[in-house]
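Please look through the sequence and the structure below before reading on. The paragraphs that follow start with one residue and then widen the view.

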Amino acid sequence: MKRVVASVQAVAILKRIYNGKPVTIASISKESRLSVSYLEQIFSRLRGSNIVTSQRGPGGGYHLKKMNPSVADVVRAVTRTPDSFEPVLNALEWVPVEQLSQGKSPAP
């Protein structure tokens, strides 16, 4: 559960500060207070699920590939959930990470 919360938080931060230029893990780490190594693990999974892409080298970092990821997208990317959890994920499809990055509660 900790990884899920950290992952949603990291993507929300990336979404908030992303302006078309790569965002470094260090920037996300500073904002989230999560370690760089922990975020690297998370972003590896997010990259594998096509939520983000990476750019190497000086000026590199992460780009949002999926511009409006849902909480369910992030959860599916970073963890394996039992089939019985699918109704919950289906409900979370309607909660965009962006909504959380703005400090708003999901609409009922």
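**A charged residue and its partners**

In this predicted model, Glu86 has a relative accessible area of 29%, and because the partly exposed class lies between under 20% for buried and over 50% for exposed, Glu86 counts as partly exposed. The side chain of Glu86 has a partner, for Arg76 forms a salt bridge with Glu86 in which the closest N and O atoms are 2.6 Å apart. This pair links distant parts of the chain, since Arg76 belongs to helix α4, which covers residues 71–78, while Glu86 belongs to helix α5, which covers residues 86–92, and the two are 10 residues apart.

Side chains of opposite charge can pair when their charged atoms come close. Arg76 takes part in another such pairing, because Glu93 and Arg76 also meet through their side chains in a salt bridge, with a distance of 2.2 Å from N to O. Here too the pair links distant parts of the chain, with Glu93 in the loop between α5 and α6, Arg76 in helix α4, and their positions 17 residues apart. How exposed are these two partners? Arg76 has a relative accessible area of 33% and is partly exposed, and Glu93, with a relative accessible area of 33%, is partly exposed as well. Taken together, Arg76, Glu86 and Glu93 are linked in a network of salt bridges.

A further salt bridge joins the side chains of Lys66 and Asp73, at 2.8 Å from N to O. Lys66 is partly exposed, at 35% relative accessibility, whereas Asp73, at 15%, counts as buried. For the protein, the count of salt bridges comes to four.

We can now turn to the protein as a whole. It contains six helices and two strands, and, read from the N terminus, the order of these elements is α-α-α-β-β-α-α-α. A compact globule of 108 residues would have a radius of gyration near 13 Å, and the protein agrees with this because its own value is 13 Å. Along the principal axes, the C-alpha atoms fill a box of roughly 45 × 25 × 25 Å.

Of the 108 residues, 40% count as buried, and the accessible surface comes to about 6,500 Å², with 52% of that surface belonging to carbon and sulfur atoms. Among the contacts with a separation of 6 or more, 52% are between residues 24 or more positions apart. Finally, the protein carries 15 positive and 7 negative charges, and the mean positions of these two groups are 8 Å apart.

Methods
Residues numbered from 1 in each chain as written. Predicted model: local features only at pLDDT ≥ 70, side-chain atom pairs only at ≥ 80, totals over all residues. Heavy atoms only, no water. Helix = DSSP H or I, 4+ residues; strand = E, 2+ residues; numbered from the N terminus. Rg over C-alpha atoms; globule rule 2.2 N^0.38 Å. Buried < 20%, exposed > 50% of the residue type's maximum accessible area, 1.4 Å probe, protein only. Contact = heavy atoms within 4.5 Å. Areas by Shrake-Rupley, 256 points an atom, 1.4 Å probe, with all protein chains shown as cover. Lys, Arg positive; Asp, Glu negative; His and termini not counted. Charge placed at Lys NZ, Arg CZ, Asp CG, Glu CD.
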